[in-house]
Amino acid sequence: MEVKKTFNNNVIQLKKKKPKCPNCTKPSKEPFVPFCSKNCANRDLIKWLSDENYINVKTD
Ligand SMILES: [Zn+2]
């Protein structure tokens, strides 16, 4: 069936696609996936936390 064929193609594409670091777009590395390094993982966490704090302050 058409739908099943498309789904299978998507799975293959996802497997081929190498994950990139959302912070600096370098290739992801274990064990920091999806980030490339501990530094990038920490930066993203800090960014995420400050965004949360900003939203909390704004809604209050
Ligand atoms: Zn990175």
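**Zinc site and backbone features**

Four cysteine sulfurs hold the zinc ion as protein donors: Cys21 (SG), Cys24 (SG), Cys36 (SG) and Cys40 (SG), lying 2.2 to 2.3 Å from it. Donors are N, O and S atoms within 2.8 Å of the metal (3.2 Å for Na, K and Ca); water is not among the atoms, so sites may look incomplete. This is a predicted model: local features need pLDDT of at least 70, side-chain atom pairs count only at pLDDT 80 or more, and totals for chains, interfaces and linings use all residues. Residues are numbered from 1 along each chain as its sequence is written, and side-chain values use heavy atoms, with hydrogens and water left out.

**Zinc site**
- The site is tetrahedral, with angles of 102 to 118° among the four donor atoms; the term requires all angles to lie between 85 and 135 degrees.
- Ideal angles for four tetrahedral donors are 109.5 degrees.
- Along the chain, the donors follow the spacing C-x2-C-x11-C-x3-C.
- Cys24 in the loop between α1 and α2 and Cys40 in helix α2 are 16 residues apart, a pair that links distant parts of the chain. Helices are DSSP runs (H or I, at least four residues), numbered from the N terminus.
- Cys40 counts as buried because its relative accessibility is 8%, while Cys24, at 29%, counts as partly exposed. Buried means under 20% relative accessible area, exposed over 50%, and partly exposed in between (1.4 Å probe, protein chains only).

**Loop between α1 and α2**
- Most residues other than glycine have a negative phi, and most peptide bonds are trans.
- Thr25 is not a glycine, yet has a positive phi of about 65°; Thr25 counts as exposed at 55% relative accessibility.
- The peptide bond from Glu30 to Pro31 is cis, with omega near 0°.
- The bond from Val33 to Pro34 is also a cis peptide bond, with omega near 10°.
- Pro31 lies in the loop between α1 (2–16) and α2 (38–59).

Note on methods. Helices (H or I, at least four residues) and strands (E, at least two) are DSSP runs, numbered from the N terminus. Four donors count as tetrahedral if all angles lie between 85 and 135 degrees; four count as square planar and six as octahedral if opposite donors are over 155 degrees apart and all others between 65 and 115; anything else is irregular.
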